[in-house]
Amino acid sequence: MRLRNVKNATEILNDSAYFAKEPSDIKGKWNEEFGDDQPIMLEIGMGKGDFLIGMAEAHPEWNFIGIEKYESVLVRAVQKLDELELKNVRVINIDAIDVHNIFDAEIDTIYLNFSDPWPKKRHYKRRLTYRDFLIEYDKIFKDNSKVEMKTDNDSLFESTLISLNDYGYKFDEVILDLWSTDKPNVKTEYEIKFSSKGYKIKYVRAHKNK
Ligand SMILES: C[S@@+](CC[C@H](N)C(=O)[O-])C[C@H]1O[C@@H](n2cnc3c(N)ncnc32)[C@H](O)[C@@H]1O
């Protein structure tokens, strides 16, 4: 997702209390940053923030950090956040492959929602559930590795299941049509978009013991 440049995007981000300007300075100290001992959940590829905000409102007992690689997208989330008073949210403008520079072993769960599918064979290593990313994620989990993923894309879903399985994850829940269940679900922008076009939403929750 790339958006046209928002005027003053950098300024809007830097002015927001939700935006972590120098996130590597907070490495190993994210609970201090939040001022509590609550579990820290990380959403990678948060886009315009609907899931992050919905989850933070639904779960004040957890802290939420969102990562987005495009400033022009992140600023949309920050504009929404600036209208709210949530003490359990921070957002960061980085690429997922760099998470080890920002976090020590302090993350409880990673959420991946509607990650870019990278359908071309030569691009499959860019998928956020490719082995190289799972290796990076392993470095930042506090206890066991825990991943939750939603997508409309069959090919990405299949490759995610294979990648997680090959890397030693065990599946706790696999759902092929999330919206047909009564599982509580905070919807994302892409989820609403693709579901309205008739795509079934796939969901997996998996863990790997330390
Ligand atoms: C298809 S959009 C989905 C956005 C949102 N999660 C949703 O479900 O509505 C994927 C988002 O992930 C971001 N993204 C893709 N690769 C990334 C990476 N390596 N690191 C951080 N963000 C990434 C993109 O910029 C984009 O905003």
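Two strands are said to pair if DSSP finds at least two bridges between them. That idea is a handy starting point for this predicted model, in which strand β2 (residues 63-67) and strand β3 run parallel and are joined by 4 bridges. Within this pair, Ile65 stands opposite Arg90 in β3. The connection between the two strands is made through helix α4 (residues 71-81), and β2, α4 and β3 together form a right-handed β-α-β unit.

Strand β3 (residues 89-92) also rewards a look at its side chains. Val89 and Val91 point one way from the strand, while Arg90 and Ile92 point the other way. On both sides the outcome is alike, as all four of these residues are buried. Arg90, the partner facing Ile65, is thus part of a buried stretch.

Stepping back to the whole protein, the secondary structure comes to 8 helices and 7 strands. The C-alpha trace spans about 40 × 40 × 40 Å along its principal axes. A compact globule of 210 residues would have a radius of gyration near 17 Å, and the protein, at 16 Å, agrees with that. Of the 210 residues, 38% count as buried. Among contacts with a separation of 6 or more, 77% are between residues 24 or more positions apart.

Attention can now turn to the ligand. The shell around the ligand holds 20 residues, of which Gly45, Gly47, Phe114, Thr188 and Tyr190 come nearest. By type, the shell divides into 9 nonpolar, 5 polar and 6 charged residues. Helix α8 (residues 189-196) gives the most to this shell, with 3 residues.

Phe114, one of the residues that come nearest to the ligand, has a backbone feature of its own. Most residues other than glycine have a negative phi. Phe114, however, has a positive phi, near 55°, and its place is in the loop between β4 (109-113) and α6 (131-138). Trp118 lies in the loop between β4 and α6 as well, and its phi is positive too, at about 45°, although it is not a glycine.

How buried or exposed are these two loop residues? Phe114 has 22 other C-beta atoms within 10 Å, and because a residue counts as buried at 20 or more, Phe114 is buried. Trp118 has 18 other C-beta atoms within 10 Å; this lies between the limit of 12 or fewer for exposed residues and that of 20 or more for buried ones, so Trp118 is partly exposed.

Note on methods:
Residues numbered from 1 in each chain as written. Predicted model: local features only at pLDDT ≥ 70, side-chain atom pairs only at ≥ 80, totals over all residues. Near = placed C-beta within 6 Å. Nonpolar A, V, L, I, M, F, W, Y, C, P; charged D, E, K, R; others polar. Rg over C-alpha atoms; globule rule 2.2 N^0.38 Å. Contact = placed C-beta atoms within 7 Å. Right-handed = clockwise from strand over helix to strand, strands pointing away.
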